[in-house]
Amino acid sequence: MVVAEGKMFLMAMRKALAVAAGKAVMWASRRAGLGAGSNLPGKVAMSILPDLPRRLASSIPGGCVLVSGTNGKTTTANLLAHLFSMEGRRPVHNRVGANLLTGITAAMVEDFDLTGRPRGDLGLFEVDEATLPRAVEMLSPRLVIVTNLYRDQLDRYGELETLASRMRRALAGLDRDSFLLLNADDPLVSTLGEESPARLLYFGLEDRALEGGDLRHAADSKYCRRCGSRLEFRQVYFSHMGDYRCPTCGAGRPSPQISALRVELRGASGSRVLLSLMGEELEVLSPLPGLYNVHNLLAAAGAARLLGVDPGRIPSGIEGYRTVFGRGETFSIGGKRLFLVLSKNPTGFNEVIRTVREEGDSLLLLLALNDRIADGRDVSWIWDVDFEDLAPAARLVVATGTRAEDMALRMKYAGLEPGSILVEGDLKRALLRAVELAGQGETVYALTTYTATLEVRRILSRLGVADEIWRSGKERRG
Amino acid sequence: MSTNRIHPEEGPVPTLRILHLYPDLMNIYGDRGNIISLVRRCRWRGIPVKVDGLRPGEDVDFSSYDLFFVGGGQDREQILVCEDLRSRGDELRRAVEGGAALLSICGGYQLLGREFITWKGDVLPGVGLFDVRTEGGEDRYIGNVVIESLLEGVKGSLVGFENHSGRTWLGPEATPLGRVVRGHGNNGQDGTEGCVYKGAVGTYLHGSLLPKNPHLADWLILKALRRRFQVEGLKTLDDDLEWDAHRAAVEKTLGEGKLRSRMASLLRG
């Protein structure tokens with residue numbers, strides 16, 4: 001008895017020590033101007049107590065929500081956090097976007113006091129796809145959302161099928177009374193719940209007037225997972241998102257409980273969506289541009305509903321949402337405008353191109369291609385992006401980043417005259433050059449890979465144009 | 001390069017015909033860039049070009065094509081096309097013997113070899129166009145690559161990115177595409193990269209390969225044209241951006257190597 005109490009006391013001490021150490025590292029890192037310190041505090045805290053994330057997560061009263069998938073994690077999680085906070089409740093959230101286990105732990109360390117009590121009612125974490133298995137095991141979530149799966153950084157994640165199998169097995173470990181919210185329009189994601197005892201819910205687009213064209217080359221999941229036959233698509237929205245059915249075994253798109261019945265896209269300024277939330281219809285004016293963001297909106301609205309947010313407040317909540325860092329932010333610089341949007345893989349890029357094209361046909365573009373580890377060191381993927389659709393809308397392209405020359409070459413082969421392509425490897429100089437070349441009131445469209453987006457954001461904050469990233473609420477991953 | 005005309009003044013304009021094998025299955029990371037490069041470089045010279053895609057099971061006459069392209073695929077896709085490709089082996093070999101050009105990357109290259117031995121020890125027979133064998137390896141070779149071309153008519157370096165676990169070994173009749181300067185190449189051991197047989201090239205380099213290696217793109221175009229037409233050479237193009245990208249990739253890759261060896265020597269003390 002005494003021994004057991006002694007052990008418990010020691011464990012509590014160790015937990016407090018781990019949290020304190022994490023907090024100290026976080027404070028020091030910010031003091032030293034190293035930014036948000038988004039992973040290191042978690043790393044340090046976990047080195048003191050390896051299962052700290054499990055211990056902390058289990059004491060959050062409302063349990064944990066995980067958001068995973070290739071694209072849209074950050075937007076979905078941030079929009080959900082916004083809707084949740086509207087009710088006067090507070091999430092413990094890795095809003096700075098560090099989505100590995102160390103980053104999630106760091107977010108908890110920040111929001112727990114030294115006695116191990118959380119300053120929030122709900123854990124809300126975006127999770128790297130490859131980290132999902134460990135996160136499910138450690139955090140025992142009550143709700144998991146998967147947005148979509150595309151091929152992304154094969155050098156980091158391995159092949160899509162393997163990744164999906166790992167996720168499927170992990171989700172099989174969910175509780176029977178937890179929820180799994182999946183994208184019905186993604187043939188691979190919609191099968192992720194097959195082995196899971198969790199309650200399955202789906203979100204998807206139900207507007208029959210939407211048409212994105214045929215299955216493009218960037219589409220990844222065109223074959224039936226069960227029998228290998230080529231799926232038949234009655235409708236394709238973008239990439240491999242659509243209404244599909246297997247002609248051989250009959251497996252098809254599940255019908256969604258959370259859907260967009262009508263979508264009207266309004267370029268960079270957002271969209272108007274008629275939502276159906278478990279049978280309840282809501283008209284929403286969304287500030288998020290592009291069809292891909294309608295999926296994120298559906299996921300966040302559906303999750304908010306499951307978490308008990310009053311559906312009547314969801315439309316105004318979405319309207320009042322401010323886009324997170326680098327996901328379509330607009331800045332003013334000396335009478336010019338800069339539209340910054342993260343574009344990190346073929347599907348994301350193609351959707352951004354679709355959105356930007358609605359802005360005009362003589363655009364000034366800043367295309368920043370980095371090949372750092374967090375971007376993926378292999379830049380071949382730019383050849384899968386439909387820059388052919390962007391070239392006719394471009395007046396001038398400033399190509400920049402660690403792979404500026406590759407970007408320039410891609411635009412040449414997309415049909416842009418070499419005379420309309422400017423190569424400037426240094427991102428800051430390229431940014432200033434593009435802004436200088438813009439006319440008064442004109443917008444520079446900056447489409448940037450992951451680390452380039454962070455860099456642009458940093459440059460803008462030094463210029464006094466943007467907030468520090470960790471203050472504005474979003475930062476690095478790796 | 002000479003600036004001779006491609007075709008006689010009075011003759012019909014030849015259309016270069018390209019067959020892209022399994023475009024929706026074997027399309028890993030940017031292989032499409034190779035087709036984009038071939039098509040643009042023909043059109044910039046006024047050579048009409050037509051690209052057809054081939055799906056497994058489709059009936060197509062290989063003898064009417066001048067250039068074939070097979071990209072890489074994920075494991076599952078590679079297994080799906082393996083059998084179909086083997087059933088067309090004779091036709092494909094005949095086409096190459098008859099002067100057609102061919103480019104195969106990564107998985108496509110492996111399937112065109114004699115056999116593939118999986119990591120578990122299963123032997124999958126290949127097309128046998130290249131005298132090479134591939135064994136599945138445990139870890140992957142991933143990273144930027146620079147090789148020195150050994151291909152006649154393609155001088156200097158070739159650049160790309162490799163990502164493969166297969167180790168490919170050249171047989172006695174095989175000629176490598178190049179010698180590895182930085183990276184792993186065929187197997188990480190013997191310093192060879194890729195394989196060439198007549199107008200057919202197999203390689204692990206994607207990146208995409210051809211846009212940044214315009215000399216290799218033109219070599220393939222010229223081979224393909226010569227299958228049916230008398231052509232002395234190709235019109236020279238303004239390749240400034242291409243060579244800038246090529247040089248930047250070479251410098252970057254060699255720089256990485258230098259940094260690594262410097263760090264290694266630091267660690268050794």
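Two residues are in contact here if their C-beta atoms, placed from the backbone, lie within 7 Å. Keep that cut-off at hand for these exercises, which work on a predicted model.

**Exercise 1. How many residues does each chain give to the contact between chain A and chain B, and which elements of chain B take part?**

Solution. Start with the two sides: chain B brings 28 residues and chain A brings 21 residues. Next, look for elements of chain B that supply two or more residues to its side: these are helix H1 (32-43), helix H2 (75-87), strand E8 (157-170), helix H5 (209-212) and helix H7 (240-268). Finally, sort the chain B side by character, which gives 11 nonpolar, nine polar and eight charged residues. For the model as a whole, the scores are ipTM 0.92 and pTM 0.74.

**Exercise 2. Find the largest nonpolar core and say which residues have the most contacts inside it.**

Solution. The largest nonpolar core holds 119 residues. Those with the most contacts inside it are A:Leu366, A:Met411, A:Ala446, B:Leu67, B:Phe68 and B:Leu220. Helix H6 (residues 214-226) of chain B is the top contributor, giving seven residues. Now zoom in on B:Leu67: leaving out residues up to four places away in sequence, its contacts include B:Leu16, B:Ile18, B:Leu38, B:Leu220 and B:Ala224. A separate core of 92 residues also exists, with A:Leu49 and A:Leu188 among its members.

**Exercise 3. Work out the strand order of the six-stranded open sheet in chain B, and place helix H1 against it.**

Solution. Reading across the sheet, the order is E2-E1-E3-E4-E12-E11, with mixed pairing. The edges are strand E2 (49-54) and E11, each pairing on one side only. On average, neighbouring strands are turned by 15° against each other, direction ignored. Take one pair as a check: E1(B) and E2(B) run parallel and are joined by six bridges, and B:His20 faces B:Gly53 in E2(B). Then add the helix: H1(B) lies across E1, E2, E3 and E4 of chain B, at about 160° to E2(B).

**Exercise 4. Which strands pair with E14 of chain A, and in what sense?**

Solution. On one hand, E14(A) is joined by six bridges to strand E15 (residues 394-400), and the two run parallel; here A:Leu367 has A:Ala399 as its bridge partner. On the other hand, five bridges link E14(A) to strand E17 (residues 443-448), again in the parallel sense, with A:Leu365 opposite A:Tyr445. As for cover, five of the six residues of E14(A) are buried.

**Exercise 5. Are B:Tyr22 and B:Lys198, both with positive phi, buried or partly exposed?**

Solution. B:Tyr22 has phi near 55° and sits in the loop between strand E1 (16-21) and H1 of chain B. B:Tyr22 counts as buried because it has 25 C-beta neighbours inside 10 Å, and the threshold is 20 or more. B:Lys198, with phi of about 50°, belongs to the loop between strand E11 (195-197) and E12 of chain B. Its 15 C-beta neighbours inside 10 Å are why B:Lys198 counts as partly exposed.

**Exercise 6. Where in chain B does pLDDT stay under 50?**

Solution. Begin with the average, a pLDDT of 90 for chain B, where 90% of the residues score at least 70. The stretch under 50 is residues 1-10, for which the model has 16 contacts beyond four places in sequence. Where pLDDT is low, the predicted coordinates should not be read in detail.

Terms used
Residues numbered from 1 in each chain as written. Chains lettered and ligands numbered in written order. Predicted model: local features only at pLDDT ≥ 70, side-chain atom pairs only at ≥ 80, totals over all residues. Helix = DSSP H or I, 4+ residues; strand = E, 2+ residues; numbered from the N terminus. Nonpolar A, V, L, I, M, F, W, Y, C, P; charged D, E, K, R; others polar. Core = buried A, V, L, I, M, F, W, Y, C linked by C-beta atoms within 7 Å. Buried ≥ 20, exposed ≤ 12 C-beta atoms within 10 Å, placed from the backbone. pLDDT = per-residue confidence, 0-100. Pairing = 2+ DSSP bridges. Axes fitted to C-alpha atoms, helices over the stretch in contact; angles between N-to-C directions.
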